[in-house]
Amino acid sequence: MRFYGTSAAEGIPNPFCFCPVCNHARKMGGTEIRRRSMFRIDEQMCIDLGADSFQQAIEYGDFTKLRHVLVSHTHEDHFSYMMMNVRNMSIDRLEEPLHFYFTDRAYDIVDFYRQSRPIMKGMTADLEARGVVAFHKLEFNRPVTVSGMQVTPLRGNHRGNMGEDCANYLIQNEDGRKLYYGVDTGWYLPETFKLLENAALDVLISECTFGLTEGRGLHPGGHLDAFSCMELFRQLLAQGTLHANSRIYLTHINHFTSTHADLVSWIQEQSFPCPITVAWDGMVI
Ligand SMILES: [Zn+2]
Ligand SMILES: [Zn+2]
């Protein structure tokens with residue numbers, strides 16, 4: 001599994017921004033650079049196909065074998081509709097359509113694309129008819145099998161463009177190992193805590209959007225920060241979602257306060273039974 005991008009919507013460095021974090025990223029490069037969030041589960045499946053996916057494909061692996069895209073929500077950093085037409089313009093490609101999965105009200109954006117002339121000259125319905133893309137609607141808390149894995153979207157505390165709740169994905173692969181991708185999520189909703197009770201995750205990938213930004217409270221809606229993340233991890237450990245052998249990765253990080261190096265050293269000072277890693281673009285699990 002590979003992180004294709006680990007930033008929040010604006011990326012680091014935001015090209016218009018000369019804040020200390022963005023200037024530091026320009027100077028240092030490497031792990032300080034964050035492209036918009038995307039996660040490749042294997043060659044066939046990924047979570048999100050966002051604003052930087054073209055460049056990410058060049059750097060971390062192309063999409064010639066990609067078959068399934070789990071869309072977390074409709075914000076543009078996570079879903080870039082233009083990629084549908086990029087696939088359309090490929091000459092040799094897999095015959096079957098690229099399957100996009102939208103959960104609950106996020107699926108409403110499909111009808112908007114179908115009916116909207118200014119979106120790719122109104123081509124969406126034609127791309128569907130010609131088998132370039134296919135759209136599927138998932139329901140929260142209902143498991144489906146995608147590419148041999150059990151995929152369950154759980155409700156995040158984060159609203160997308162269609163007013164939908166963001167989908168956070170619980171994914172169990174064929175050998176039983178479990179991954180939870182909580183990006184974007186905010187402080188978990190009561191139903192989500194409940195559904196994750198005793199889940200005994202092998203891997204938790206969590207947003208840590210606001211990094212070391214203080215004063216947001218320990219249970220923020222919309223997005224987490226390092227402090228609310230630690231509070232969340234303690235609660236998940238107490239209810240059996242995490243255990244001592246779980247591994248936690250932080251992603252979806254913005255430029256508000258902390259550099260990658262700042263966040264890494266703060267995390268190293270925390271005492272928590274599971275190893276916590278601040279992810280970087282290109283990192284392989
Ligand atoms: Zn986001
Ligand atoms: Zn900045």
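## Exercises on a predicted model

I248 touches L204, F233, L242, F272, C274, P275, I276 and T277, leaving aside residues up to four places away in sequence. The model is predicted, and the exercises below use values computed from it.

### Exercise 1. The nonpolar cores

Task: Find which residues have the most contacts inside the largest nonpolar core, and which element gives the most to this core.

Solution.
Step 1. The largest nonpolar core has 30 residues. Those with the most contacts inside it are L204, F233, L242, I248 and L250. Among the contacts of I248 are L204, F233 and L242.
Step 2. The elements that give two or more residues to this core are α7 (226-238), β12 (247-251), α8 (260-269) and β13 (276-278).
Step 3. With six residues, α7 gives the most.
Step 4. There is also a second, separate core of 26 residues, which includes M84, A106, V110 and L127.
In general terms, nonpolar side chains in soluble globular proteins tend to be buried together.

### Exercise 2. The two faces of α8

Task: Sort residues of α8 into buried and exposed, and state what the buried ones pack against.

Solution.
Step 1. H260, L263, W266 and I267 are the buried residues in α8.
Step 2. Seen down the axis of α8, these buried residues fall within an arc of 130 degrees, so they line one face of the helix.
Step 3. The face turned away from this buried side carries Q268 and E269, which are exposed.
Step 4. The buried residues of α8 pack against α7, β12 and β13.

### Exercise 3. The two faces of α2

Task: Carry out the sorting for helix α2 (residues 53-60).

Solution.
Step 1. S53, Q56, A57 and Y60 are buried in α2.
Step 2. Down the axis of α2 the buried residues fall within an arc of 105 degrees, so they line one face of the helix.
Step 3. F54 and I58, on the other side of α2, are exposed.
Step 4. β1 (2-5), β2 (38-40) and α3 (82-88) are the elements against which the buried residues of α2 pack.
Step 5. After α2 comes G61, with a positive phi near 135 degrees.

### Exercise 4. Two zinc sites

Task: List the protein donors of each zinc ion and decide whether each site is tetrahedral or irregular.

Solution.
Step 1. For the zinc ion (ligand 1), the protein donors are D77 (OD), H78 (NE2), D184 (OD) and H252 (NE2), which lie 2.1 to 2.6 Å from the ion. Their spacing in sequence is D-H-x105-D-x67-H. Both D77 and H78 are buried.
Step 2. Four donors count as tetrahedral if all angles lie between 85 and 135 degrees. The angles among the four donor atoms of ligand 1 are 82 to 158 degrees, and this site is irregular.
Step 3. For the zinc ion (ligand 2), the protein donors are C17 (SG), C19 (SG), C22 (SG) and H255 (ND1), at 2.1 to 2.3 Å. Along the chain they follow the spacing C-x1-C-x2-C-x232-H. C22 has 0% relative accessibility and counts as buried.
Step 4. Here the angles among the four donor atoms are 99 to 117 degrees, and the site of ligand 2 is tetrahedral.

### Exercise 5. Counting disulfides

Task: Explain why C46 and C229 do not form disulfides with their closest cysteines.

Solution.
Step 1. A disulfide is a covalent bond between the sulfur atoms of two cysteines. The cut-off for counting one is a pair of sulfur atoms within 2.5 Å.
Step 2. For C46, the closest cysteine sulfur is that of C166, 15 Å away, so it is too far for a bond. C46 is buried, at 0% relative accessibility.
Step 3. For C229, the closest cysteine sulfur is that of C208, 4.0 Å away, which is too far for a bond. C229 is also buried, with a relative accessible area of 1%.
Step 4. The count by this rule comes to zero disulfides.

### Exercise 6. Two methionines in loops

Task: Are M89 and M120 buried or exposed?

Solution.
Step 1. M89 is in the loop between α3 and β5 (98-103). M89 counts as exposed because its relative accessibility is 54%, where exposed means over 50%.
Step 2. M120 is in the loop between α4 (108-115) and α5 (124-129). M120 counts as buried because its relative accessibility is 9%, where buried means under 20%.
Step 3. M120 touches Y81, M82, M84, N85 and L127, not counting residues up to four places away in sequence. The C-alpha atoms of M120 and M82 are separated by 7.2 Å, with the two residues 38 apart along the chain.

Terms used: Residues are numbered from 1 along each chain as its sequence is written. Chains are lettered from A and ligands numbered from 1 in the order in which they are written. This is a predicted model: local features need pLDDT of at least 70, side-chain atom pairs count only at pLDDT 80 or more; totals for chains, interfaces and linings use all residues. Side-chain values use heavy atoms; hydrogens and water are left out. Buried means under 20% relative accessible area, exposed over 50%, partly exposed in between (1.4 Å probe, protein chains only). Helices (H or I, at least four residues) and strands (E, at least two) are DSSP runs, numbered from the N terminus. The arc is that of the directions from the helix axis to the C-beta atoms. Contact means heavy atoms within 4.5 Å. Donors are N, O and S atoms within 2.8 Å of the metal (3.2 Å for Na, K and Ca); water is not among the atoms, so sites may look incomplete. Four donors count as tetrahedral if all angles lie between 85 and 135 degrees; four count as square planar and six as octahedral if opposite donors are over 155 degrees apart and all others between 65 and 115; anything else is irregular. A nonpolar core is a set of buried Ala, Val, Leu, Ile, Met, Phe, Trp, Tyr and Cys residues joined through side-chain atoms within 4.5 Å.
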